[in-house]
Amino acid sequence: MPTRDNSCPFVVEKSEVVLVKPSKPTPDVTLSLSTIDNDPNNEVILDILCVFAPNPYVQDHADYHPASFLQLALSNALVYYYPLAGKLHRRTSDQTLQLDCTEGDGVPLIKATASCTLSSLDYLESGNHLDATYQLVPSHDTLKGCNLGYKPLALQVTKFTCGGMTIGSVHSHTVCDGIGLAQFSQAILELAAGKAQPTVIPVWDRDRLTSNQISTPCKLGNDEKDPKLVDLEKACSSPDTPTEDMIREILNITSEDISKLKNIIIEDENLANENEKNMEITTVEVLAAYVWRARCRAMKLNPDMITDLVISVASEELSKTRMSRLVRLLKDAKREALDNGYVWEQLREMENTMKLKLASEEIHGGVFMMLTDWRHLGLDQDVWGGLMNIIPLVPLTLPFMCVLLPASKAVPGKSGGVRVLTTLPRDAMAKFKEEMDALHP
């Protein structure tokens, strides 16, 4: 039945949910997950919307719906990606996650039709239509309804009057991150194009990313250096963390803006020595540094508050420090994260945290920004009319999330640029936009 949103200028009519099952028999198994997957902070449901330009065939055949194009390919892809058709739940014995895969499992698919053209919505390019996009993805309730847990994936294909379409997904980040979802999408499109099998055959080997080397638990003594038992939910909150009157924006950063930032760092007097004058600076490094600092300034944090982006520095230091130092800190953190010893130590610490409900007051007691880069997920396949836009529907309840997105193809002249999706209190957003506007040459 049609669903209406008074803030949206269009109506979306949705069909009944169809459960798409693998086209061939798949294993009847129970799969374990990694330590990283078992972290409760990673057990979130993500909403993603991909916007595709009009296809001439659909414009000429009003009765044709792109869901028909994708349903058979989805069924074939689930032969290889059968875990995405399973059921996810936590065991009562130790609260670890497991994925049950049985006969009859499938992925919920919704066929929908919108009453307008994509161009009338600017291909959902700006933040003005972010609320409208929730009509174009399945509701989270679509994942529920099974006694043994919930489904990790549901899809909605929406056809627009112009012949364009959107593919909206809700999926468990525990089972599939952005890169994994992009790989799955690529498999669907390859099979739809007639390939016998996907280029990449997936392997489930999550148990390799666990740490079984913890011989003794962390000591819980009176030493000030010992970890303290705290409530994780309370520890992860902060008086400085905003919760009300939040708004979400997508800001464009041009390739000229990025070049300007890199030149500022290259010309910085701290990089004028022999060891660092030829230092390479990546786009994600320079944007992470700038956005992190701009967000800190916009929120007017307590100068003594700790704020985190992989590394921890005081808020006052972050607000006043030079970009070149921030980039060096980011480079050092990236280099450390590639070390095998660091990875295993983090896995051990994560397991202790979950088992003993430990949290570092220094890390979780302040405000942090989680930045993720979606520019190279591999979702830019030239299919249908061509992918125009990717939008993660980050909930307003997750204000720490900041996403770097590829430039929208709907806006001419934006090639090489980056879009920044961020959530902030309304007043802070105005200040944040001032900081970002200062970039423009």
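## Nonpolar cores

Leaving aside residues up to four places away in sequence, Leu84 is in contact with Leu78, Val107, Pro152, Leu153, Val175, Cys176 and Phe184. In this predicted model, Leu84 is also one of the residues with the most contacts inside the largest nonpolar core, together with Leu74 and Phe184. That core comprises 47 residues, and helix H4 gives the most to it, contributing seven residues.

A second core, separate from the one just described, holds 34 residues. Among its members are Leu287, Ala294, Cys296 and Met299.

## A three-stranded sheet

Strands E4, E7 and E6 form an open sheet in that order, and their pairing is antiparallel. The edges are occupied by strand E4 (29-32) and strand E6 (87-90); each has a single partner strand, so one side of each is left without a neighbour in the sheet. Neighbouring strands of this sheet are turned against each other by 30 degrees on average, with direction ignored.

The pairing of E4 with strand E7 (residues 97-101) is antiparallel and runs over four bridges. Within this sheet, Leu31 has Leu99 in E7 as its bridge partner.

## Salt bridges

Nine salt bridges are found in a search of the whole structure. In one of them, Asp37 is paired with Arg206, and the closest N and O atoms are 2.8 Å apart. Asp37 belongs to helix H1 (residues 35-38), whereas Arg206 sits in the loop between helix H4 (178-192) and helix H5 (232-235), so the pair ties together parts that are 169 residues apart in sequence. Asp37 has a relative accessible area of 10% and is therefore buried, the limit for that class being under 20%.

The salt bridge between the side chains of Lys144 and Asp141 has an N to O distance of 3.4 Å. Both of these residues, Lys144 and Asp141, are exposed. A further salt bridge joins Lys431 to Glu435, with 3.7 Å between the closest N and O atoms. Lys431 and Glu435 are both part of helix H12 (residues 426-437), where they are four residues apart, about one turn of the helix. Lys431 is partly exposed, at 30% relative accessibility, while Glu435 is buried, with a relative accessible area of 12%. These two residues also belong to a network of salt bridges that links Arg297, Lys431 and Glu435.

## Ser75 and Thr158

Two buried polar residues illustrate the surroundings of a helix position and a strand position. Ser75 is located in helix H3 (residues 66-77) and counts as buried, at 10% relative accessibility. When residues up to four places away in sequence are not counted, Ser75 touches Val20, Lys21, Pro22 and Ser23.

Thr158 is part of strand E9 (residues 153-159). With a relative accessibility of 0%, Thr158 counts as buried. The side chain of Thr158 makes a polar contact with the side chain of Gln156, at 3.0 Å. Apart from neighbours within four places in sequence, Thr158 is in contact with Ala112, Thr113, Ala114, Leu136, Gly164, Met165 and Thr166.

## Positive phi angles in the loop between E8 and E9

Most residues other than glycine have a negative phi. Against this background, which value does phi take at Asp122? Phi of Asp122 is near 55 degrees, a positive value in a residue other than glycine. Asp122 lies in the loop between strand E8 (107-114) and E9 and is partly exposed, at 44% relative accessibility.

Tyr123 is found in the loop between E8 and E9 as well. Phi of Tyr123 is also positive, at about 55 degrees, although this residue is not a glycine. Is Tyr123 buried or exposed? Tyr123 is buried, with a relative accessible area of 17%, whereas Asp122 counts as partly exposed.

Terms used: Residues are numbered from 1 along each chain as its sequence is written. This is a predicted model: local features need pLDDT of at least 70, side-chain atom pairs count only at pLDDT 80 or more; totals for chains, interfaces and linings use all residues. Side-chain values use heavy atoms; hydrogens and water are left out. A salt bridge is a side-chain nitrogen of Lys or Arg within 4 Å of a carboxyl oxygen of Asp or Glu. Buried means under 20% relative accessible area, exposed over 50%, partly exposed in between (1.4 Å probe, protein chains only). Contact means heavy atoms within 4.5 Å. A nonpolar core is a set of buried Ala, Val, Leu, Ile, Met, Phe, Trp, Tyr and Cys residues joined through side-chain atoms within 4.5 Å. Two strands pair if DSSP finds at least two bridges between them. Axes are lines fitted to C-alpha atoms, for helices over the stretch in contact, and angles run from 0 to 180 degrees between N-to-C directions. A polar contact is a pair of N or O atoms within 3.5 Å; within protein, one must be able to donate a hydrogen and the other to accept it, and residues adjacent in sequence count only if both atoms are side-chain atoms.
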